[in-house]
Amino acid sequence: MGDSGVRVRLLTADDWSAFRSIRLRALADAPQAFGSTLEHARARTDQDWRELLAHRAQFVASVDGSDVGTAAGLDDPERSGAHLISMWVAGKARGTGVSDRLVRAVVDWAVDTGHRKVWLEVAAGNTAAERLYLRHGFVRTGIQGMIGPADPRPEFEMLLEL
Ligand SMILES: CC(C)(COP(=O)(O)OP(=O)(O)OC[C@H]1O[C@@H](n2cnc3c(N)ncnc32)[C@H](O)[C@@H]1OP(=O)(O)O)[C@@H](O)C(=O)NCCC(=O)NCCS
């Protein structure tokens, strides 16, 4: 499958139910890839999901009306840039170009909102994610850290200069 049948949409706060659904799928499928947990996400209220959407550009990709992937852009005012987070593609849609469409959606959003840089973090060993980001021009900055206070696994930072 090429990416021609893929539709990418930007969620609004009213789409919180679709956001919750795909985010829970992502966390259940690939818990090792994210700093958040399924348990934490399940505990969020409907209003929490709405508020998350109010402060990010959350894109969802669908094929034939079924949601198959998501990624988001966040303002990073401390560094005058944007952050790409929350990237996930369902197993059946991997290797089809859906991931490229989602990266492009976030990068286009960053350009349209006046950002000159996009950062992201990748867990060490997540080769598929790193290769995807490399293909879109992201490079390792040399900065490494832990995924989070409750998750000491190493992650590294990548940057795309627009
Ligand atoms: C990361 C993810 C979005 C990439 O989507 P995808 O559809 O698999 O992406 P692609 O098909 O473009 O594959 C990316 C690259 O990784 C390679 N790859 C795919 N699966 C791989 C694997 N299991 N091990 C190593 N490399 C792999 C592909 O060959 C491709 O490399 P290439 O550009 O040199 O050809 C998807 O794998 C995913 O959702 N993973 C779980 C969540 C996740 O890790 N999110 C990223 C958080 S930073």
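## The largest pocket and Thr70

The largest pocket here has a volume of about 1,000 Å³. Of the 42 residues lining this pocket, those closest to its centre are Ala33, Phe34, Met87, Asn126 and Tyr133. A pocket is an open set of points on a 1 Å grid over the protein atoms alone, where a 1.4 Å probe fits, with protein on both sides within 12 Å along at least five of seven lines; lining residues have an atom within 4 Å of a point. Its volume is the space filled by probe spheres set on the points, which are joined across faces, edges and corners.

This is a predicted model: local features need pLDDT of at least 70 and side-chain atom pairs pLDDT 80 or more, while totals for chains, interfaces and linings use all residues. Residues are numbered from 1 along each chain, and side-chain values use heavy atoms, without hydrogens and water.

Here is the lining by class:

| Class | Lining residues |
|---|---|
| nonpolar (Ala, Val, Leu, Ile, Met, Phe, Trp, Tyr, Cys, Pro) | 21 residues |
| polar (the others, Gly among them) | 11 residues |
| charged (Asp, Glu, Lys, Arg) | 10 residues |

Strand 4 gives the most to this lining, with seven residues. Strands are DSSP runs of E, at least two residues, numbered from the N terminus.

Now let us visit Thr70, found in strand 3 (residues 66-76). Thr70 is buried (under 20% relative accessible area, 1.4 Å probe, protein chains only), with a value of 1%. The side chain of Thr70 makes a polar contact with that of Gln58 (2.7 Å); such a contact is a pair of N or O atoms within 3.5 Å, one able to donate a hydrogen and the other to accept it, and residues adjacent in sequence count only if both atoms are side-chain atoms.

Definitions and conventions: Helices (H or I, at least four residues) and strands (E, at least two) are DSSP runs, numbered from the N terminus. Buried means under 20% relative accessible area, exposed over 50%, partly exposed in between (1.4 Å probe, protein chains only).
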